[in-house]
Amino acid sequence: MNILILLLSLLSPYFSASAQDEAIPAAGGFTVQQPVMLAFEHSMSTSSYINSFDSLSGVSLYMPEEALLLAKGAPQHIASDPWLDCLEYQYADISAGVCDGTVLYVHASPAQAKQYGLKLNEQQLDPATMTLKEMIGTPDFIAEDGDVYIRGSAALKIYRDSGTGEWTGIDLFDGNSS
């Protein structure tokens with residue numbers, strides 16, 4: 001008996017009145033439906049919070065050397081990195097550590113940022129005047145020489161003067177390599 005009731009309830013839409021017998025609402029009864037916006041679209045468009053660290057001043061981590069040269073041109077100077085067995089390509093606005101043909105870190109000084117600007121993932125960044133908490137949150141940990149933020153395998157370190165607290169440099173690097 002229960003099976004029969006279940007079967008009839010499933011088939012009931014097929015036994016309803018025909019479409020000709022149904023009443024059509026008057027034209028005045030229609031309402032305009034607002035477009036649907038997904039929650040993640042809304043939060044992305046109104047928030048400047050950065051969930052990943054992809055690039056600093058247009059240079060991405062793991063960018064091939066050829067792509068770096070296409071994006072930034074020939075460096076002003078190439079130096080040997082004293083900490084890594086790499087080369088540091090020095091440009092007017094940033095320096096990029098290139099190891100085995102791949103960018104492993106990007107560095108900018110306050111003077112470079114002041115003169116050329118500084119962008120993190122194509123969003124304007126100024127560690128001297130901005131409230132970084134809205135943009136990148138609170139530091140994941142505070143080192144003796146600065147604040148460290150981690151997103152996945154990428155890390156951002158804002159070096160600070162221990163006496164004044166002013167920023168002295170910023171690095172984007174692979175957090176697993178340090």
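How many disulfides does the structure hold? In this predicted model, the structure holds 1 disulfide, and a walk through the chain can begin there before turning to the sheet and to the salt bridges.

The disulfide is formed by cysteine 86 and cysteine 99, whose sulfur atoms lie 1.4 Å apart. The link between cysteine 86 and cysteine 99 is right-handed, with 100 degrees about the S-S bond. This pair links distant parts of the chain, since cysteine 86 sits in the loop between strand 3 (77–80) and strand 4 (87–90), while cysteine 99 belongs to strand 5 (residues 95–99), the two being 13 residues apart. Cysteine 86 counts as buried because its relative accessibility is 7%, and cysteine 99 likewise counts as buried because its relative accessibility is 8%.

The strands around this link can be followed in turn. Strand 3 and strand 4 run antiparallel and are joined by 4 bridges, and a hairpin connects strand 3 to strand 4 through 6 residues. Within this pairing, alanine 79 stands opposite glutamate 88 of strand 4. Strand 4 is in turn joined to strand 5 by 4 bridges, again with an antiparallel course, and the hairpin formed by strand 4 and strand 5 has 4 residues between them. Here leucine 87 has valine 98 in strand 5 as its bridge partner, and tyrosine 89 stands opposite alanine 96 in strand 5.

What is the order of the strands in the open sheet? The sheet has 8 strands in the order 3-4-5-6-12-11-10-9, with antiparallel pairing. Strand 3 and strand 9 stand at the edges and each has a single partner strand, so one side of each is left without a neighbour in the sheet. From one strand to the next, the twist averages 20 degrees. As a general matter, strands of a sheet pair through backbone hydrogen bonds, either parallel or antiparallel.

The part of the sheet order that reads 11-10-9 leads on to the charged pairs. Side chains of opposite charge can pair when their charged atoms come close. The structure holds 4 salt bridges, and among them is the one between aspartate 140 and arginine 151, in which the closest N and O atoms are 3.9 Å apart. This pair links distant parts of the chain, with aspartate 140 in the loop between helix 5 (132–136) and strand 9 (141–143) and arginine 151 in strand 10, 11 residues apart. Aspartate 140 counts as partly exposed because its relative accessibility is 45%, whereas arginine 151 counts as buried because its relative accessibility is 12%.

Another salt bridge brings together the side chains of lysine 157 and aspartate 145, at 2.6 Å from N to O. Lysine 157 lies in strand 11 (residues 154–160) and aspartate 145 in the loop between strand 9 and strand 10, so the pair ties together parts of the chain that are 12 residues apart in sequence. With 12% relative accessibility, lysine 157 counts as buried, while aspartate 145, with 31% relative accessibility, counts as partly exposed.

Aspartate 147 forms a salt bridge with arginine 160, and the closest N and O atoms of this pair are 2.9 Å apart. Because aspartate 147 lies in strand 10 and arginine 160 in strand 11, the pair ties together parts that are 13 residues apart in sequence. Is aspartate 147 buried or partly exposed? Its relative accessibility is 11%, and aspartate 147 therefore counts as buried; arginine 160, by contrast, has a relative accessible area of 22% and is partly exposed, the cut-off for buried being under 20%.

Strand 10 also offers a residue to examine through its surroundings, namely isoleucine 150, which is found in that strand (residues 146–151). Isoleucine 150 counts as partly exposed because its relative accessibility is 37%. When its neighbours within four places in sequence are left aside, isoleucine 150 is in contact with Phe53, Asp140, Phe141 and Ala155. One of these contacts, Asp140, is also the residue that forms a salt bridge with arginine 151. Isoleucine 150 and isoleucine 136 are 14 residues apart in sequence, and their C-alpha atoms are 9.5 Å apart in space.

Terms used. Residues numbered from 1 in each chain as written. Predicted model: local features only at pLDDT ≥ 70, side-chain atom pairs only at ≥ 80, totals over all residues. Heavy atoms only, no water. Buried < 20%, exposed > 50% of the residue type's maximum accessible area, 1.4 Å probe, protein only. Contact = heavy atoms within 4.5 Å. Disulfide = S-S within 2.5 Å. Pairing = 2+ DSSP bridges. Axes fitted to C-alpha atoms, helices over the stretch in contact; angles between N-to-C directions.
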